[in-house]
Every structure is written in C-alpha cells, then in structure tokens.
Amino acid sequence: MNFLEKIKKDYVEVSDLVVKTINTVNLVYLETLADQDKINDYILKIIPKSKIPKNIKNLIPSPNVKDVKTYEELCLYLDTGFTIVFNGSQVIAIETKSNLNRGIDTPSTEATIYGPKDSLVENYQTNLGLIKRRIKSSNLKNTQTNVGKYTKTMCSILYIEGVCKSDLVASTLEKINGINIDGITDIGEIKPFLVDDKKNVFPGIKMTERPDVIADSLLKGKIAILLDNSPYALILPTFLADFINPMSDKYTKTSSVNFIKILRLICFFIAIFVPAFYVAVTTINQETIPTSLLINLQNQRMDVPFPAVMECVITLIICEILRESDIRFPSSYGSAISILGALILGEAAVSAGIVSPIMIIVASITFISSMIFTDVEIINAIRYWRFAALLISAIFGLYGVGMSIILMFINLCNYDINGTSYLYPIAPFDKTYLKETLFKMKNNKRSKLLSKNRIKGRL
C-alpha cells in the first residue's frame with residue numbers, strides 16, 4: 001500500500017483532511033492547520049497544468065520544503081500544518097502552517113518595573129527567536145526531539161557550547177528521550193521526569209516566561225527547555241537562591257538591591273516561622289515575653305474558645321482559601337474577594353470572638369511576607385513548612401521552632417540537584433555564584449559547578 005492510500009485509510013474519520021488532485025499531482029493537508037492562502041501561493045499557482053517536472057521541489061517558493069522518506073515523517077508533517085505533495089514516487093512536505101498564535105505580550109506572572117516587557121508565547125519558533133535576539137552567537141545550540149506517543153510535541157534543549165557542561169546536556173536529553181507516555185501538552189508535565197522531587201516540596205526546576213531570564217541563565221552555563229504550545233520554559237539546574245532573587249534585581253542600583261535581597265531573606269523566614277513562634281510563646285514558653293505583653297495577649301484571647309494552635313490553624317487555612325480563590329477567580333473579581341476576606345471577614349471573626357486581634361496581625365504579617373515571592377511552587381513550599389513548623393512548635397514550644405529550622409535545612413541540604421545541594425552557593429560555598437544571587441556585586445567569572453569556562457567572555 002502506498003503512502004497516499006494509507007493516509008486515506010488511517011484518516012478516514014478525520015473531517016478536516018483534504019485530498020486534491022491537480023493533473024498528476026496529489027495534495028494532502030488538514031484544513032484546520034494549513035493556511036489556504038499559502039497553499040494557493042506556494043503550490044497551486046506554481047504547478048503547471050500540462051507538463052509536470054520530475055523534481056517539482058525546485059518550483060516551490062516556500063522557505064521550508066522537506067523530503068519525506070517514511071510514513072511516520074509524513075504523518076508528523078501532516079499533523080503540524082504541512083501540505084504533502086505526491087508527484088509520482090516523489091513525496092515532499094511544504095510548510096503551510098496557519099497562524100494560530102497570539103501576539104507577544106507583557107509577562108503576567110513575572111512582572112517587573114524595569115527590564116524587557118516581552119514574554120514567551122505558545123509558538124516554539126517565536127520563543128526561539130526571542131532568545132536568539134539576545135544571544136547572537138553560533139555557540140547557542142538547540143537539540144530538538146519529540147515527546148509523547150500521540151502528541152509528538154516538539155521539545156528543544158538550549159545551551160551555549162563552550163559554556164555549558166556537556167554531561168548536563170547529555171543527561172537531560174537522555175531523560176527527555178526516556179519519557180514514554182501518551183502525550184505532553186504543557187512543559188510543566190516534563191518536570192517530574194527531570195528532577196526527583198518526591199522527598200522535597202521545594203521546586204528543583206525554575207519555570208519562566210521571560211526571555212531575558214532564559215538568556216541570563218544560558219550565559220551562566222545552565223540549559224533551557226522549550227516546548228511547542230507552551231508559553232513557559234524550564235531552566236535547570238536551579239537552586240533555592242534562584243527563586244528568591246528575581247532577574248529584576250539586575251536592573252536596579254546595587255546598594256538598594258542588596259538591602260532588598262536581605263529583606264527578602266528575612267521575609268522568607270517570617271512567612272514560615274512567625275505563626276510557629278506565636279504559638280510557642282503564648283502556650284508553652286510564656287516566660288520568654290514581658291509580663292505586660294503576656295497579660296495583654298491573654299486579655300485579647302480571653303473570649304476565644306479555641307487553644308492558640310487551633311486558632312492559628314483555622315486563621316491560616318481561611319487565608320489560604322482566600323489566596324486560592326484570588327488566584328483562580330477572574331481578575332475583575334479577585335480584588336473584591338481579597339477586600340471582602342481581609343476586611344469584613346477578619347473584623348467579623350474578631351467581633352464574634354472566634355479569633356483574637358493579635359492572631360489577625362500574625363496572619364497578616366505572614367501572608368504579606370509571602371507575597372514577596374511570585375513563584376507558585378515556592379509559595380506552596382513555604383505553606384507546607386509553615387504548617388509543619390506550627391504543629392511541631394505546638395508540642396515542643398521554642399525548641400520545636402528550632403527543630404523545624406534545623407529539619408528544613410537538613411532537608412534542603414539533602415535535596416540533590418544534578419549532584420549539588422539545593423542550598424548552593426551557601427553549601428557548598430561558591431563565592432562567584434553568591435555574587436550573582438544572594439548579593440549583587442561586580443563579577444567577571446562564572447560558577448565552577450555550572451560552566452565549563454569560568455572566565456566570562458572566553459569560549
């Protein structure tokens with residue numbers, strides 16, 4: 001059975017399949033994916049009505065014309081918007097993709113005051129072009145492969161040759177080629193196959209929509225993964241310092257940025273351990289606070305029917321519900337829900353004696369501190385350790401707070417990211433990468449763990 005007959009048989013219930021015969025030439029395409037104007041300009045106007053040349057490929061003005069050797073290639077081209085031309089024994093695929101993409105927009109999840117305002121879209125070629133606009137070098141390589149048994153989604157690994165370590169590229173490509181599932185529709189589905197994060201709630205791979213973040217990561221010796229139909233890219237390896245220090249820090253003054261970086265670290269601990277500290281000092285270690293403050297706290301909690309730990313858990317759960325509803329609701333409703341929850345619900349809870357005013361203050365400080373971080377996975381990790389520290393401190397008091405801090409750092413140190421601790425560049429210590437993440441300092445070297453060539457500007 002030839003290719004044309006096999007297509008007609010396999011696509012018998014595919015309503016958008018079009019098969020046209022012009023003289024001795026047969027055209028096959030999917031009208032929902034192909035552009036009719038391109039088919040008319042590239043093919044129909046070019047094919048002569050009388051004598052058909054043996055090598056019709058030379059007549060096609062399309063910038064992308066492929067020779068088809070196997071039936072699997074033919075199906076892949078057909079399902080991606082190509083038009084298949086059968087001229088006797090010759091089979092070629094001509095790119096006639098319809099424009100089904102949205103325009104380049106501003107970043108929605110990683111907004112910044114300064115810096116570039118473009119973001120990735122669902123088109124792979126557009127995303128690759130946004131990166132190549134920033135890195136104009138032949139050393140920028142991209143290795144392509146397809147993932148998914150049925151989706152056959154195009155996946156590309158980007159790296160800078162001479163900067164990125166070759167074993168990192170090889171191991172990542174091996175993991176992606178080892179993905180054996182029915183389909184991949186978004187780049188987030190690839191993450192579990194690249195990093196084993198079952199024993200840790202902190203993300204091991206950074207997800208970004210900003211081309212400038214991708215370009216900066218590539219220059220450091222990291223790799224980026226693009227997926228067709230996804231407006232996000234994956235960057236690895238990624239450590240905790242990369243999540244709490246956004247790219248926007250590079251666009252502002254050094255002295256003010258270093259203060260913000262320190263403030264961001266303080267907020268990281270406040271968002272996790274302040275509720276645990278409050279429960280510890282009000283229930284078990286009451287001797288650690290001044291008597292006047294203790295009496296004031298007890299007077300506020302006099303009408304509250306729940307113990308401090310239960311009061312704290314209820315308040316935090318309500319705040320988490322409000323946060324999730326604010327994220328899921330359309331933007332026109334989100335602000336209204338936040339105001340309703342923060343003002344009316346909080347005031348009503350205090351008036352009803354369900355929670356104390358100090359608990360509202362503790363919850364507010366906790367969630368305001370966590371709002372500094374925009375990455376959803378980091379917020380989820382903070383949420384996990386907040387409740388874990390709260391429960392431990394309810395049993396052991398301030399010793400529990402200390403135990404929670406130690407357990408969290410042990411867990412982070414044991415979290416392996418491509419053979420390196422998640423707390424890099426603190427442990428193991430790397431002064432070079434420290435200058436690019438936790439502090440903003442003049443630096444002319446690359447990290448020794450991430451790059452093949454440590455001196456910037458040399459390849």
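Welcome to this predicted model. Start by selecting Pro237, in the loop that runs between strand 10 (233-236) and helix 8 (240-243). Show the backbone here and look at the peptide bond linking Leu236 to Pro237: it is cis, with omega about 0°.

Now jump along the chain to Pro428. This proline sits in the loop between strand 12 (420-421) and helix 16 (431-436). The bond to look at is the one from Ala427 to Pro428, which is also a cis peptide, with omega near 0°.

**Two asparagines with positive phi**

Next, select Asn229, in the loop between strand 9 (223-227) and strand 10. Although Asn229 is not a glycine, its phi is positive, about 75°.

Then go to Asn418, in the loop that joins strand 11 (416-417) to strand 12. Here too a residue other than glycine has a positive phi, near 55°. Is Asn418 buried or exposed? The label falls in between: Asn418 is partly exposed, because its relative accessible area is 39%, and partly exposed covers values from 20% to 50%.

**A pair of helices**

Colour helix 11 (residues 308-328) and helix 14 (residues 376-396) and turn the view until you see both. Two packed helices are described by the angle between their axes and the distance between the axes. For helix 11 and helix 14, the axes come within 11 Å and cross at roughly 170°. An angle over 145 degrees counts as roughly antiparallel, so helix 11 and helix 14 are roughly antiparallel to each other.

Show side chains where the two meet. From helix 11, select Val309, Cys312, Val313, Leu316, Ile317, Glu320, Arg323 and Glu324. Their partners in helix 14 are Ile379, Arg383, Arg386, Phe387, Leu390 and Ala394. Sorted by class, this contact holds nine nonpolar residues and five charged ones, with no polar residues.

**The largest pocket**

Turn on a surface and find the largest pocket, with about 1200 Å³ of space. To centre the view, select Glu110, Asn245, Pro246, Met247 and Ser248, which are the closest to the pocket centre among its 50 lining residues.

Which elements give two or more residues to the lining? They are strand 8 (206-208), helix 7 (211-219), helix 8, helix 9 (254-283), helix 14 and helix 16. Helix 9 supplies the largest share, five residues. You have already met helix 14 as the partner of helix 11, and helix 16 as the element that follows the Pro428 loop. Colour the lining by class and you will find 19 nonpolar, 12 polar and 19 charged residues.

**Two buried residues**

Select Lys191 in helix 6 (residues 191-194). Lys191 is buried, since its relative accessible area is 15% and the cut-off for buried is under 20%. Leaving aside residues up to four places away in sequence, Lys191 touches Ile205, Met207, Leu234 and Glu377.

For the last stop, pick Thr96, in the loop between strand 5 (90-95) and helix 4 (124-132). Thr96 is buried, with a relative accessible area of 0%. What does Thr96 touch, not counting residues up to four places away in sequence? Show Leu33, Ala34, Asp35, Lys38, Ile39 and Tyr42, then add Gly81, Phe82 and Thr83, and you have its contacts on screen.

Conventions: Residues numbered from 1 in each chain as written. Predicted model: local features only at pLDDT ≥ 70, side-chain atom pairs only at ≥ 80, totals over all residues. Heavy atoms only, no water. Helix = DSSP H or I, 4+ residues; strand = E, 2+ residues; numbered from the N terminus. Buried < 20%, exposed > 50% of the residue type's maximum accessible area, 1.4 Å probe, protein only. Axes fitted to C-alpha atoms, helices over the stretch in contact; angles between N-to-C directions. Parallel < 35°, antiparallel > 145°, perpendicular 65-115°, else oblique. Contact = heavy atoms within 4.5 Å. Nonpolar A, V, L, I, M, F, W, Y, C, P; charged D, E, K, R; others polar. 1 Å grid on protein atoms, 1.4 Å probe; cavity = no way out; pocket = protein on both sides within 12 Å on 5 of 7 lines; lining within 4 Å. Points joined across faces, edges and corners; volume = space filled by probe spheres on them.
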